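Work through the following exercises with the sequence and the model open beside you. Each task is followed by a solution that proceeds step by step.

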Amino acid sequence: MNADWMKVGFRTDASKLETLLPPGFALRGEPIVSVSCATFRNLYWLAGRGYGILSVDFPVRYAGRTETIDGNFCPVIWEGRPEAVVTGRDELGFSKMPADIPEIDWDQDAGTAWCAVSSMEHVFCEVSLTELLEEENPAKVLPGSGGGPQLYYKYVPRTNAGGGGGADAAYAVTAAPRGGSGATAQNISFDGFAFRRWTGRGAVTWHKATFEQLPIQFPIVNALADLDIHEVVDSEMVSFSGPGIAIAANGMRPIEPADESEAA
């Protein structure tokens, strides 16, 4: 498989991030939001096909019944292939939404990269990098906002006439191994991968949407657009390739909530 992954991190208001947290989560450290846009190609589990993603995460601590995990909470991921959305949401527990995500427009000679994500012909997010310079001997880790594993919140509403019936599933999920406080892990191993990294200047632009433009997704887009960008703190691009099976395995697991009322 091959991947190009660009990320811009920015400082925002902690109070606004707290409104995005599900039960059991708390902010950890600085209120730094990472916005990533990536292009995947030659994926094993899609028989050689690929797709793009747009994701958002920020540093959190999750306190469960028997373990506390420091990591990064991802409230939403947009993906450009329905198969990735369905299996990622239903099986893995990611909060995925569909979008139109073209390949990253990357000019290595000019040191620039740009992606624009849209739905229903409305461009709602743009991520750009300039002045990219390649690092020597980069660490083989994905761009992230604060170390540790990714954390998600699986929520499946219960079918009920008129809505309001609660949830069939409501719990945090992660790929971190069980091990109590401080458990850290990535669900991707880069052993045997070719891996390159560039750093530069970055920018993120959210374009708010009306109901008419994005009738289902406008509340999600607008909540993220309301996060003030006080300063951009880091920007990078990574490019890697290696065994396709390495990112096809399902290592996700539920985390037992501390409060039984959080679970369905």
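**Exercises on the chain and on one strand**

The accessible surface of the protein chain, in this predicted model, comes to about 12,400 Å², and carbon and sulfur atoms hold 50% of it.

**Exercise 1.** Determine how the radius of gyration of the protein chain compares with the globule rule.

*Solution.* Begin with the secondary structure, which amounts to 3 helices and 14 strands in the protein chain. The radius of gyration is 18 Å, close to the 18 Å that the globule rule gives for 264 residues, and the chain is therefore as compact as a globular protein of that length. Next, take the extent of the C-alpha trace, which spans about 55 × 45 × 40 Å along its principal axes. Finally, turn to the contacts with a separation of 6 or more, 70% of which are accounted for by residues 24 or more positions apart.

**Exercise 2.** Establish whether strand β5 (residues 68–79) is enclosed or open, and identify the strands with which β5 pairs.

*Solution.* First consider burial, for which the cut-off is under 20% relative accessible area: 10 of the 12 residues of β5 are buried, so this strand is largely enclosed by the rest of the structure. Second, follow the antiparallel pairing of β5 with strand β4 (residues 51–63), which extends over 10 bridges and includes Leu54 facing its bridge partner Trp78 in β5; the two strands form a hairpin with 4 residues between them. Third, trace the parallel pairings, where 3 bridges join β5 to strand β6 (residues 96–98), with Met97 of β6 as bridge partner of Trp78, while 2 bridges join β5 to strand β10 (residues 150–157), in which Leu151 stands opposite Phe73.

Technical notes: Residues are numbered from 1 along each chain as its sequence is written. This is a predicted model: local features need pLDDT of at least 70, side-chain atom pairs count only at pLDDT 80 or more; totals for chains, interfaces and linings use all residues. Side-chain values use heavy atoms; hydrogens and water are left out. The radius of gyration is taken over C-alpha atoms; the globule rule is 2.2 Å times the number of residues to the power 0.38. Contact means heavy atoms within 4.5 Å. Accessible areas come from the Shrake-Rupley method with a 1.4 Å probe; for residues, only the protein chains shown count as cover. Buried means under 20% relative accessible area, exposed over 50%, partly exposed in between (1.4 Å probe, protein chains only). Two strands pair if DSSP finds at least two bridges between them.
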